[in-house]
Every structure is written in structure tokens, then in C-alpha cells.
Amino acid sequence: MSSILTVTMPKWGLSMQEGKVNLWLKEVGDTIAPGEEIIEVESEKISGAVEAAVTGVLRRQVAQPDEVLPVGALLGVIADADVSDDLIDDLIARFQAEFVPPTDDEADAGPQTQTVQVNGRQLRYLKRGDGGTPLLLIHGFGGDLNNWLFNHEALAASRAVYAIDLPGHGASTKVTGAASLDDLADAVSGFMEAVGITSADVVGHSMGGGVCLALTRRAPQKVKSLTLIASAALGSDINGAYIDGFVAGNTRNALKPLLAQLFSDAGLVTRQLIDDMLKYKRLEGVDEALATLAGGLFPAGRQSAVLADVAAASGKPVLVIWGENDRIIPVAHASAIPSARVVVLPAQGHMVQMESASEVNKLIGEFTS
Amino acid sequence: MARKITYQQAINEALDQEMARDPSVIVMGEDVAGGAGAPGEEDSWGGVLGVTKGLYAKHPGRVLDTPISESGYIGAAVGAACNGMRPVAELMFIDFMGVCFDQIFNQAAKFRYMFGGKAKTPVVIRAMYGAGFRAAAQHSQCLYNIFTHIPGLKVVLPSNPYDAKGLLIQSIRDNDPVIFLEHKALYTMEGDVPEESYIVPFGEAAVVQEGDDVTIVAFGRMVNYAKDAGASLRKKGVQCEIIDPRTTSPMDFDTILESVERTGRLVIVDESHPRCSMASDVSGFIAQEAFGALKAPIQMVTAPHVPVPFAASLEDLYIPSPARIEEAVMRVKEYR
């Protein structure tokens, strides 16, 4: 039987309730393969592309550019070329008649973050999915669990996936004194015990990759495999101007050009993204937490810890993913672990898990299955 | 961690956290502790609308009920500030400031200058402003423009719970006299506010919505009306850039200028009367600094030059509405 599939407004992050259609990236009649970008959509926080899950032909563009639509609303229809127009019209009519936009209350009742006490610190985390070997997502310097908003849900289709806020970050305790990857790895180790994870596939981005390596050294039994994305601790180079500017920056104008260096597409740095970063940076204790960490991990524009040999010695499977044009940590570090599987994504920047989400999700899914 | 609380709770939390952090912070005003000259916390109202509720019990001896004499206790707060305290004086309604203008304009605002920088006056004067409460002409004015006019005063107009907390903490830690103004209609507004302490700096506007067609500068409660208008206009294909200056002194003119140079069209929304207002202030600034960029005459959406009416139907007409903002945006959009 021929298949018909709806393309709907995605939900990116906990707070997204509606999105604006920016533009169609495919025309009606185009043949589409899984993972291809179909339409660009913008939420309050970020813009991104909706990707195809199936092979087919784009038959209808239901949503028009600049339209603001609730999460779940119909954007377009993909179907095989032999599906009749009548059948597609019927499907659209039925969808529109039955579609009920989520209310504010339902949105509030959506996935909620939780907190857990670890060694006197409060750590925030978000769990999605159940079963399988748990997957643990660890963000980078100055980031938080929202760095995984395009990955978390997709990875959690058939397993439990946890994303945490490291100490000093997101909504976790700010006053930490943490100044090393070991300090952060111990917090992650404590977190795993607190929520009952004996061992996990760990995924770290940037500094979070360094945390995964430190965890492998200190508690190898808790690590089943390592996925290191644009990871720290694989060499001593790092963009020191970025780190120093980020620690010092407290205004929109100071942060905007810095955050733009994280992405290959500077258009992704929206007002809301900068405002959220400013809100985080203004919290009491954050300045100090970041300055302490930066001083310990990245003194004078160099990385103080290089743990590539830890990965090699551990014998664990390692996947390394990097953006070719990373302006924070050089892509040359991707080859630091000889035994690792290495994937360099062309034209991508430091936040490759956000900008090339479907590719990264697929790589992690295959690697950890 | 951020959670939803009201504007009123955000103000209370800022006071509570600053009192816990710094023993020189005190709260004083009419009924800020007790109700009817109450003997203890069981009868503690925490102000006419309960904004300071609970502080009396948590910080014994530091929440002071004063006589109904604004000139007396505002003067006392200013004097205490000169002598090492950080008083937060609540004046209830901004409309009552008239009786203590000397203490505010001629004393607090001038000390640093008159004493060659040797004196500092870290006093915060909180007051409610604004129409919409059927409270008639003597309890409904805005008047922030009057304080903005005086060098030496800082003037703060939070439009949401997040800003209310961060700006009040900055106000308390600031070494100059700060007039902190709370719109009555916003007390019940809910928003995400971090539990932790944080500062929102003075003189840094918030860009509430980005857009390239028309710049809207709105003050205090009007920011929320501008957002309603902006959301409606967005669905019609008009992209507004909405700027909330957050403080009118210091004022972030740079952000406004940068935006108008891009859009060429400006609408200013100010709940105050139109003459000598924030609307005319921003309008004059842009006419002088960005005349060449303007593609249409500047539009001011304000209340009329009349006292706030008591009749409900007239008061509703008096306050600028999202519909009037939308009309003004369309006028500048469609001009040429």
C-alpha cells in the first residue's frame, strides 16, 4: 500500500507552544529522502529545519511562510507519487477537522524537569523515554540540558535518555567550587547513583565530552560507551578569546558575537537565545562558578586536561563527532583517539548536535544500539 | 530554578533576599508591617495590597510602620540612607509624592552633587502607579516622567515579574536614590522567575520582540499591551520590534536608535499624559538623532491630557489599548 505522511509543527524544547513558518526548502513534486530538510520553522528560542522521516514526494505545502501555527499543526503532506490527489485532500480535510491545538495547561503538563540532591548540590535533569541501556547527555561550558532539545526526544524513542545540568549550570546549584573535569565527573557519577543508573552510554558535548572522559577514568564500570561531540580534553588548543569573553560578557551586545561563533549559521542566535543566556549569567554565583571552572580547565587559552589516552586505554567503544568549521575547539582534535570511529560533518560549527541534529541522532542511535 | 510567581511575589522575594543578605536593608512605610497599628505578626497585612506580607516576621525590627506623613518618613529614609542604611520606603500611591517633593528632588537627588561626591544616598522609594483600578484621578496617575526629569534620581518601571525582582535587587544595591514604580494592574501577572538572587542592570533595554517593519517603544504595563498588538500584527504580516527600556533614567537610547535606524518607523506607547512625557522625550530624541532614517511621522499612543476619569467607561477609553497601538502601527506602516 502506498503511504501518506503528514509533516507537522515540531515541539523543540519544553516551552515551545507555537512556531512560525520561515520557508519551504522543498517544492511540491520534489522527491524526499529520510533526513532531508523539508521546511524551516522558527520557535521563540531557535530556528531549525523539519526533516523527513520517510521517502516520498512532497505533495502539498499546507502552511505558508510567516504563518504562526501551534505545535502539532499540519505543515505539509508527503506521499508516494501514485497516491491520488483526492486521497490527499481527504487526509488534509480530516486532519484539519480533528486537530485540536494543545492548550496552555496541556503544555504545562508536558515533560517536566526533576531535581536530585548529590553531595549537597541540587542537580536538575530531564528524563525522556524508558527501558534499554540508559543514555546520558552532558552539555558543555556555559550550557545546559536545553542544548539537547533537538536530540533528546528523538534518541528516547526506545530507551531512557537523561540530560542533566552540570553543577554551576542551568538550574543546578551555582556555588560549587568545581574547577576540574574530575569534580564534574564525580557529580555525574553521584547523579547516576542517585537516580539508579548502574551503567550508561554517555554522550558529551565540548566540556561535557571531557567530563565523560574523566568519568571513564574514575568510574569505568559506569560507562558502556563514549560519544564525544566537539569534545574538550582531546588536545590542548581552545579558543581562549571565546572562553574569556563568555565569562566576562554581561550584555546582549557583548554576548551576541560570541554566541555566533558557536554556530555555522549565525541566524540561529536569536534574541531569545541571547536573553536566556543573559538570564543564566546574571544569577548569583554564576560569574564565580564560570570563572573558577574556566580558570581550572582553560587557563591562558589552553586546555589543562588532555585525556585522549584514557579513552584508548579503557577499551570502550568511542564515537567522535565534530563540525568541520568548529571555531571553539579545532577539528584536528577529532583524530586524537586512534581506536575511535570519527565522523566530521562538513560545514558545521561547534553546536553540531543542534545544527545537524538528525545526522547526529542517527550516528548516536546506530553507535549505541 | 525558575518557577512561575506573580509580580507581587517577585517584589516580596527581592526584598526578602536582600534583607537576608544585608542587615542595613530596612523596609518602611504606611502599613508595611501591621494592619491597624497591630501589635504583632498575626495582624500583619504587609501593605495595602500585601506586597510586603511575611517580611515583618522574618526580619524582626526591620519592617517599620510609619505615621501617615509622607514628608516625614521619606525624609527619615533619605536621612537614614546618608547614614549607612539602605532603606526601602513604600509610598503606596505615586500620586502622594507631591507632599515630599523637597525630600526627593531637592535633598536625596542632590546630595552626591552638592557634597562633591562625598555623600551617597542609597534609598529606594517604591510606589504604585497607573490607571485601571477605578481609583479616580488622585490614585491613578503615572508621573514617572516627572522623576525622570530630575538629574540624580534613577527611575525604574518593571513590566513583568522577572524584571521586577532583578531590578529591585539592583535598586537596593545601587548607591543613588531610586524611584521604583509598580503598576497596580501587574501585581497578579505571573511569569518565570528564578529562585536565586540576580540583578537586571539599569539602562539596558529589553528587546521583547524582534522585527524589521516598525519599532514600538513601550513603558511599564504598556509593554504587555504592545506585545498583544505585536502578536496580532505578526499574524497580519507586520513584524514589530518591541523595546522595553525598563528604566527611564538611565535610559537606553542606543537600543531605540539602532532599531529605528533599521525600521524607519516608530510608535511610542506611554500610559501617561502626552505633554512632557516619556513619549515626547523619546520622540524628541529620535527626531533629532535619526531624522534621516524616518520613513513616517512618529506616532505617540498616550492617555489624553485630562485627569484619570472615575467613570468606568471613560477610564477604559482613557488607557491606551492594544487596538489603538495596532492602529498607530498601521498608520506608520502605510504612510507612503
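How many Å separate the centres of domain 1 of chain A and domain 2 of chain A, taken over C-alpha atoms? They sit 31 Å apart. Keep in mind that this is a predicted model.

**Chain A**

Chain A splits into domain 1, covering 4-107, and domain 2, covering 114-368. Where the two touch, domain 1 of chain A puts in 9 residues and domain 2 of chain A puts in 12 residues. On the domain 1 side, that makes 2 nonpolar, 4 polar and 3 charged residues.

**Where the chains meet**

Chain B uses 15 residues to contact 10 residues of chain A. The chain B side of this contact breaks down as 7 nonpolar, 3 polar and 5 charged residues. Here are the two sides whose make-up we've just gone through:

| Side | Nonpolar | Polar | Charged |
|---|---|---|---|
| Domain 1 of chain A, touching domain 2 of chain A | 2 residues | 4 residues | 3 residues |
| Chain B, touching chain A | 7 residues | 3 residues | 5 residues |

**The sheet in chain B**

Chain B has an open sheet of 7 strands with mixed pairing, running β3-β2-β4-β5-β7-β6-β12. Its edges are β3 (63-65) and β12 (247-249) of chain B, each of which pairs on one side only. From one strand to the next, the twist averages 20°.

Helix α3 of chain B (residues 70-82) packs on this sheet and touches β2 (25-29), β4 (86-93) and β5 (124-129) of chain B. The direction of α3 makes about 160° with that of β4(B).

Elsewhere in the sheet, β6 (residues 154-156) and β7 (residues 178-183) of chain B pair in the parallel sense, over 3 bridges. One of the bridge partnerships joins B:K154 to B:V178 in β7(B).

Definitions and conventions. Residues numbered from 1 in each chain as written. Chains lettered and ligands numbered in written order. Predicted model: local features only at pLDDT ≥ 70, side-chain atom pairs only at ≥ 80, totals over all residues. Contact = placed C-beta atoms within 7 Å. Nonpolar A, V, L, I, M, F, W, Y, C, P; charged D, E, K, R; others polar. Pairing = 2+ DSSP bridges. Helix = DSSP H or I, 4+ residues; strand = E, 2+ residues; numbered from the N terminus. Axes fitted to C-alpha atoms, helices over the stretch in contact; angles between N-to-C directions. Domains from an automatic or database assignment.
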